[in-house]
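Subject: Structure for you to look through

Hello,

I am handing over the structure we talked about, and I would be glad if you opened it and kept it in view while you read. My notes follow below it.

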Amino acid sequence: MLKAKYDVVVIGAGPAGLAAAIEAKKTGAQDVLVVERAQELGGILQQCIHNGFGLQIFKRDMPGPAYAQHFIDELAGLHIDTLLDAMVLNVTSERHVHATSRGSGFVELDGRALVLSMGCRERTRAQIALPGTRPAGVYTAGTAQRFVNIEGFMPGKRFVILGSGDIGMIMARRLVFEGAKVERVLEIMPFLTGLTRNYVQCLMDFDIPLQLNHTVKRILGNNRVEAIESVQIDKQRQPIAGTEEIIPCDTLLLSVGLIPENELSRKAGVSLDPVTGGPFVDERMQTSVPGIFAAGNVVHVYDLVDWVTEAGLLCGRNAAQYAIRERKLHGRRVGIKAGNNVRYIVPHVLDKESLAESAQRLQMRVTMPIEEPVLIEVMNGEERVARKTELYVRPGEMVNIDIPQSAYDAVQRASELSVRVVRR
Amino acid sequence: MTQEHRKFICITCPRGCALDATVEGKAVVKIEGSSCKRGMDYVKGELTDPRRMVTTTVRVKGGVHPLAPVYTKTPIPKPRIFDLLAEIRKIELKAPVRFGDVVIENALGTGVDVLASRNIPAKSEAS
């Protein structure tokens, strides 16, 4: 039986939402509700049957569903309410939630705090404006993943994959396991966009060719994909005439990026960062609307689920504290800007007093790869607040840097912090 | 025996260190570029007995989904991956399936068990 008012309402039961709900309850929130669109908990992890999850948090190499199962089991032991098969229709800035579900019909309820953890969705053919006919056989990689791993059917026999993101590479191997031929992986950028280890264990291990600086020029076929025409592109991302190649195939998979899913955030009046596509958040994962928090791929697209879980835990803890103690901001805050070779940085704003409690972690993605040692520097004008070295940086791999508690004084003086990545 | 330089990308963790290895036959003389000691183990393994974790699905009868995801408890020899997949394809489980259920014991005599990655409740069973 649903209650009319909860301490914390969590929207979305993927890794971020599960962690947030669990931690909110453990922090002292009495009534916690998780609302989930699917018929089961776990989110996208349920179709990510490959391993590689949990190495950071559990120090074990787990498949996605096993990672999800750990949190589903923990949640079940904590008396947290769940509303499955439910679509949240609206969220207001006063944290009033409208939802509809097959089991409960139309429901309205309130949260003293709200956690947005709706995750992200895939870019589609329309968003990358792929020319050609519109036959059957063009899927996003994640849709194909659901077909193959959960629903039990193959979307084709002979594949070309556009995009070297992790899902695309992982699906290339998965399709080979199920007897398909993967002709080619094409990547428009001059570098791999997913993790290097996936290039090794998904493509190299099975002799699947990867072509960088290549894209799909057009799709051929009327009822069904019959081939794609690939083309090499130059530094301005313009097709190079004469490099076209017809690659016969019956299916094209798109692994061309993920977009945080923020329709509900917008309805709640939450301000969004045009670069990440997700809410502006502070170090507690609170959005621009007091009492509304956000965590996981809804904020920015992560490379590892372990970091999503950590963000969920942080978010859940702070949402619970807000709900039960109406914890207020200290008010003295400092913005954090992306500097040289930093595409974006999260959190966007830091409470200056937060450093009195603990070091504060910043997460970022770089714009361009640098395959040599680099310095990551947090600056207040010309004054260096924190630094770290990395052996290399790549856009596909998130970079973290901690502002240590010893930087407390320097941060108090700052009117704005910026982060830059420079060659050593 | 002559020494040669070989490049590897360690797949032990998501960091994916680029390793420069000096090898003599199947022995590793030294490696550079590794962020931790597992890099050495990885190169040794690649030279003598390359192994991979295998994850796939197995058919389930009467479950909320027609498939259950499964994984090898530890990595199996790389040349045996497709034999193992063929073996797994012959199996059909009956719901409910529980996380950690042994789907194949000592698969292909490798000493490695194949386990279920999650619960698959029976269709009538409330999940």
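A good place to begin is helix α6 of chain A, where the buried residues are A:T196, A:R197, A:N198, A:V200, A:Q201, A:C202 and A:L203. Please keep in mind throughout that this is a predicted model. Since seven of the eight residues of this helix, which spans residues 196–203, are buried, α6(A) is largely enclosed by the rest of the structure. What, then, covers the buried residues of α6(A)? The cover includes α5 (166–177), β10 (181–186) and β11 (210–211) from chain A, and it also includes β1 (4–9), α1 (38–48) and β4 (51–52) from chain B.

Next, please turn to two other helices of chain A, namely α1 (residues 15–27) and α2 (residues 64–76), which pack at an angle of about 35 degrees with their axes 10 Å apart. The crossing of α1(A) past α2(A) is left-handed. On the α1(A) side the residues that meet the partner helix are A:L18, A:A21, A:I22 and A:K26, while on the α2(A) side they are A:A68, A:F71, A:I72, A:E74 and A:L75. When the residues of this contact are divided by type, seven are nonpolar, two are charged and none is polar.

Chain A also offers a short strand that is useful for learning how side chains are arranged. In a regular strand, side chains alternate between the two faces of the sheet. In strand β2 of chain A (residues 32–35), A:V32 and A:V34 point one way, whereas A:L33 and A:V35 point the other way, and all of them are buried. This strand runs parallel to strand β1 of chain A (residues 5–11), to which it is joined by four bridges, and A:V34 in β2(A) is the bridge partner of A:V10.

Further along chain A you will find an open sheet of three strands, with the order β19-β21-β24 and antiparallel pairing. Its edge strands, each of which pairs on one side only, are β19 (342–346) and β24 of chain A. Neighbouring strands of this sheet are turned against each other by 30 degrees on average, if direction is ignored. Between β19(A) and strand β21 of chain A (residues 360–366) there are four bridges, and the two strands run antiparallel; A:M364 in β21(A) is the bridge partner of A:I345.

In the same region, A:V399 deserves a careful look, as a residue of strand β24 (residues 399–403) of chain A. With a relative accessibility of 4%, A:V399 counts as buried. Although A:V399 and A:M364 are 35 residues apart in sequence, their C-alpha atoms are 5.3 Å apart in space. Leaving aside neighbours within four places in sequence, A:V399 is in contact with several residues, among them A:L362, A:Q363, A:M364 and A:V366, as well as A:I376, A:E390 and A:V393.

Finally, a word on the cysteines: how many disulfides does the structure hold over all chains? The number is zero. A disulfide is a covalent bond between the sulfur atoms of two cysteines. The sulfur of A:C315 lies 16 Å from the closest cysteine sulfur, that of A:C120, which is too far for a bond, and A:C315 itself is buried at 0% relative accessibility. In chain B, the sulfur of B:C13 is 6.3 Å from the closest cysteine sulfur, in B:C36, and this too is too far for a bond; B:C13 is buried, with a relative accessible area of 17%.

With best wishes

Note on methods: Residues numbered from 1 in each chain as written. Chains lettered and ligands numbered in written order. Predicted model: local features only at pLDDT ≥ 70, side-chain atom pairs only at ≥ 80, totals over all residues. Heavy atoms only, no water. Axes fitted to C-alpha atoms, helices over the stretch in contact; angles between N-to-C directions. Left-handed = near helix turned anticlockwise from the far one by under 90°. Contact = heavy atoms within 4.5 Å. Nonpolar A, V, L, I, M, F, W, Y, C, P; charged D, E, K, R; others polar. Disulfide = S-S within 2.5 Å. Buried < 20%, exposed > 50% of the residue type's maximum accessible area, 1.4 Å probe, protein only. Pairing = 2+ DSSP bridges.
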